[in-house]
Amino acid sequence: YQRRVHGDPNRPKCKSRKRRRIIGISICVFIWLMVIILLAVTIRLIEIDGKRYTIEFLKKAQYEYNNDTMVYDMNISSLGIDDLNNETIAIIDMMSGMWMTISNQSESIMGELLSGAHTVTKGDEGILYDWLKDLPGSKPRYNPMHHSSVQLYQISISTSFALSFSISALLCGKKPDGSTWFQWEASRMDPWHDPLSSIIHQFNWFEYLMTKKNVGPQGSSYYTEKNPLVIYCSNLVHGVCTNT
């Protein structure tokens, strides 16, 4: 005869094992959260430093007014750039146009542009759109997430000069009233030629869904397609957008 013992004599050991498992999982989650926070802080510091570097570069550059395009062109010969090609010239034209014409040398506005702000140049009748879409690296892009009354264009830049500013792509289109809209992208969407950047672009899209902020090359901005940054450009006076 063997007396039957009610209950599980190993139950305390099971509880102890389960407790250790929970503690282990909690530690792993905590470490991952610390890594993510540290990574986010590091990226933020890099973005701030990159934005400061870009604006200082734009402030020190020399500019010449172009009577044909009615915007300012950067004096390229004074930059001493080695990889001077059509794409490099395109990024220089975009940066000088954004700095001199769109932001009117405002550091806060330029900071928003570099952070991916969805910007509308109200009343420009598509002048800036026509200028941007004709730059080297410009290709039609089909994206139902962005609304444009005309063909949407993506200007892709891959030169070392552009990468030094973390700039790779810009989108542009038109609003129903004919005004230009544009936004800098943190990464370009080109799965056939740049699959890695396209994958990163999808992560940026998920970040937008979670934060409700546009993700640009040097930060993020609350100015989205639903809440655009409106700059009045109904009158271009000496290459600068002015409110009339």
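This is a short talk on the fold, core and a few individual residues of one protein.

Hi everyone, thanks for coming. Before anything else, please keep in mind that we are looking at a predicted model.

Let me begin with the overall picture. The protein has 244 residues, and 42% of them count as buried. Its secondary structure comes to 6 helices and 12 strands. If you take the contacts with a separation of 6 or more, 60% are between residues 24 or more positions apart. As for the surface, about 14600 Å² is exposed, with carbon and sulfur atoms supplying 59% of that area.

Now to the inside. The largest nonpolar core has 40 residues. Which element gives this core its largest share? That is α2, with 9 residues. The residues with the most contacts inside the core are Ile 91, Met 94, Met 98, Leu 132 and Leu 170. I'd like to pick out Ile 91 from that group. Setting aside residues up to four places away in sequence, Ile 91 touches Ile 157, Phe 161, Ala 162, Ile 167 and Trp 184. Hold on to Ile 167 and Trp 184, please, as both names will come back.

Let's follow the chain onward from α2. The loop between α2 (86-102) and α3 (107-114) holds Gln 105. This residue is not a glycine, and yet its phi is positive, about 60 degrees. Is Gln 105 buried, partly exposed or exposed? With a relative accessibility of 45%, Gln 105 counts as partly exposed.

Next comes α3 itself. Its buried residues include Met 110, Gly 111, Leu 113 and Leu 114. These four span an arc of only 160 degrees around the axis, so they sit on the same side of α3. After the helix we meet Gly 116, again with a positive phi, this one near 90 degrees.

A little further along there is another non-glycine residue with positive phi. Glu 125 has a value near 60 degrees, and its place is the loop between β3 (119-122) and α4 (127-133). Glu 125 has 68% relative accessibility, so it counts as exposed.

That brings us to α4, where we find Ile 127. Ile 127 is partly exposed, at 35% relative accessibility. Its C-alpha atom is 8.2 Å from that of Ser 179, and the two residues are 52 apart along the chain.

Also in α4 is Tyr 129, and here I get to talk about rings. How many aromatic pairs does a search of the whole structure find? The count is 2. One of them joins Tyr 129 and Tyr 153 in an edge-to-face arrangement, with 6.1 Å from centre to centre and 65 degrees between the planes. Tyr 129 belongs to helix α4 and Tyr 153 to strand β5 (residues 153-156), so the pair ties together parts that are 24 residues apart in sequence. Both tyrosines are buried.

While we are here, have a look at Gln 151. You will find Gln 151 in the loop between β4 (138-140) and β5, and it is partly exposed, with a relative accessible area of 27%. Apart from neighbours within four places in sequence, Gln 151 contacts Tyr 129, Pro 140, Arg 141, Tyr 142 and Cys 172. So Tyr 129 turns up again, as a contact of Gln 151. Between the C-alpha atoms of Gln 151 and Lys 174 there are 8.2 Å, for residues 23 apart along the chain.

My last stop is Pro 217, in the loop between β8 (214-216) and β9 (219-221). Pro 217 is buried, and its relative accessible area is 11%. What does Pro 217 contact beyond its neighbours within four places in sequence? The list is Leu 114, Gly 116, Ser 166, Ile 167, Trp 184, Glu 185 and Ala 186. Here are the two names I asked you to hold on to: Ile 167 and Trp 184 are touched by Ile 91 and are also in contact with Pro 217. Leu 114 is one of the buried residues of α3, and Gly 116 follows that helix. As for Ala 186, its C-alpha atom is 4.0 Å from that of Pro 217, across 31 residues of chain.

One more detail from this part of the chain: Lys 213 lies over the face of Tyr 222, 4.6 Å from the ring centre.

That's my tour. Thanks for listening!

Definitions and conventions: Residues are numbered from 1 along each chain as its sequence is written. This is a predicted model: local features need pLDDT of at least 70, side-chain atom pairs count only at pLDDT 80 or more; totals for chains, interfaces and linings use all residues. Side-chain values use heavy atoms; hydrogens and water are left out. Helices (H or I, at least four residues) and strands (E, at least two) are DSSP runs, numbered from the N terminus. Buried means under 20% relative accessible area, exposed over 50%, partly exposed in between (1.4 Å probe, protein chains only). Contact means heavy atoms within 4.5 Å. Accessible areas come from the Shrake-Rupley method with a 1.4 Å probe; for residues, only the protein chains shown count as cover. Rings of Phe, Tyr and Trp (its six-membered ring) pair if their centres lie within 6.5 Å; planes under 30 degrees apart count as stacked, over 60 as edge-to-face and the rest as tilted. A charge sits over a ring if NZ of Lys or CZ of Arg is within 6 Å of the ring centre and within 35 degrees of the ring normal. A nonpolar core is a set of buried Ala, Val, Leu, Ile, Met, Phe, Trp, Tyr and Cys residues joined through side-chain atoms within 4.5 Å. The arc is that of the directions from the helix axis to the C-beta atoms.
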